[in-house]
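Student: I am new to this structure. Could you walk me through it?

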Amino acid sequence: MTSRKVLLSPIHLQDREIQAANEVMRSGRLREGAKTRELEEAFKSRTGVSHAVAASSGTAALHLAYLAMLQPGDEVLVPSFTFIATASMIVMAGGRPVFCDIEPDTWTLDPAEIEKRLTPKTKAIAGVHLFGNACDIATIQKIADKRGLGIIWDAAQALGTSYQGRDLAQYRDAVCFSFYPTKNMTTGEGGMVATNDEVMAAKIRLLKNHGHTEKYVHQIVGFNYRMSEVEAAIGKVQLSQLDSFIEKRKKLANIYIEAFRGNASFKIQSVTAGANHSYNYFSIALNTDQLSVSRDEFAKALDGEGVQNAVHYPRGLHQQPAFSGLANGVLPHAESLSGRILSLPMSPFLNEVDIRYASEKVLFLIKKFARRHVLA
Ligand SMILES: Cc1ncc(COP(=O)(O)O)c(C=O)c1O
């Protein structure tokens, strides 16, 4: 046992965020208003998108985007290897998720799966920019264009990632972000829908605030998915630091990459061609057939060495009880990865010594648990 502890994703709000939150609290103007508009404007300038609509969470952002696109019974192609909200919000919007497998190296939606699982009811594709990597956007868009499909991107983990030189927020039709504390920037809880589609943006604005157009006049039924002004104030300060947060994440990721180079006992996520990965998570996939322990035993041993870790995600969504009625066969890559994946410490509030320590412990345990091959 060790006394050192490297946390998985620590976050420290600085004096600037605390001061910004304090100012709002002192003003007494707490409900969504001017600060949230300022955050949306700053988000538009930062990402280059035409419309940004703040929401109370990334889950709410997805719900709103799906509601703005789907009709009841529409099918949406979604990767099985993601956080539940990508698919659960399709259901909550009246649609039906159709689970697809992922690419074995980038761990994102396999475009070949789209053509395979199309039906006359397919309305849209939900691509997930997993762990800060980007999907193969070019191929997915080409298929969507050919088949007349909409696209909702789940970029909860990928604020600040770019693809072919453009911010992910600029891609059609709508891109959903989360500001949960482990994300590339935080507001505590919060989210954003980015879109270049004016009609969609207007619909999302209506839906997020009870279809409200003037006091107690409701054009449609909707929700309270508003952001609070304290959250927006924190978010504005966080957004102004996004570049330095991501620079730090990349620097730390490079330490892992260098340390792990050439090790055949596990793989790291391949960066999609054209993507500039923002390393929201740094995860490895263990080659468990080369180890004498399971992933879960390895994870426990790593924690015992002072390196906090987590499993994102222990099963594909098609294997979740909540979706038992929607299972559509074996998805080999999602199933294999969910048994081997392990997320290592990553945060702009960790330092190079932390990451060197974490990588050394991973390599130490890989060696310790290496399956010994008996030579014939
Ligand atoms: C891929 C993905 N989608 C959606 C969400 C939902 O975001 P939130 O937790 O802000 O509701 C998350 C965050 O956990 C996520 O990682």
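Tutor: Happily! Let us begin with one term: a polar contact is a pair of N or O atoms within 3.5 Å. Keep in mind that this is a predicted model.

Student: How far is the polar side-chain atom of Lys183 from an oxygen atom of the ligand?

Tutor: A polar contact needs two N or O atoms within 3.5 Å. Lys183 brings a polar side-chain atom, and its partner is an oxygen atom of the ligand. The distance between them is 2.9 Å.

Student: How much of the ligand's accessible area does the protein cover?

Tutor: On its own, the ligand has 390 Å² of accessible area. The part of this that the protein covers is 92%.

Student: Which residue has a polar side-chain atom 2.7 Å from a nitrogen atom of the ligand?

Tutor: The closest residues around the ligand include Gly58 and Asp154. Gly58 uses a backbone N or O atom, 2.8 Å from a ligand oxygen atom, so we can set Gly58 aside for a side-chain contact, as a polar contact is a pair of N or O atoms within 3.5 Å. The residue with the side-chain atom at 2.7 Å from a ligand nitrogen is Asp154.

Student: Which helix gives the most to the shell around the ligand?

Tutor: In total, 16 residues surround the ligand. Two helices, α3 (58-69) and α4 (85-92), each supply at least two of the shell residues. The top contributor, with 3 residues, is α3.

Student: How many charged residues does the shell have?

Tutor: Sorted by class, the shell has 6 nonpolar and 8 polar residues. Its charged residues number 2.

Notes. Residues numbered from 1 in each chain as written. Predicted model: local features only at pLDDT ≥ 70, side-chain atom pairs only at ≥ 80, totals over all residues. Heavy atoms only, no water. Near = heavy atom within 4 Å. Polar contact = N/O pair within 3.5 Å; in protein donor to acceptor, adjacent residues only side chain to side chain. Areas by Shrake-Rupley, 256 points an atom, 1.4 Å probe, with all protein chains shown as cover. Helix = DSSP H or I, 4+ residues; strand = E, 2+ residues; numbered from the N terminus. Nonpolar A, V, L, I, M, F, W, Y, C, P; charged D, E, K, R; others polar.
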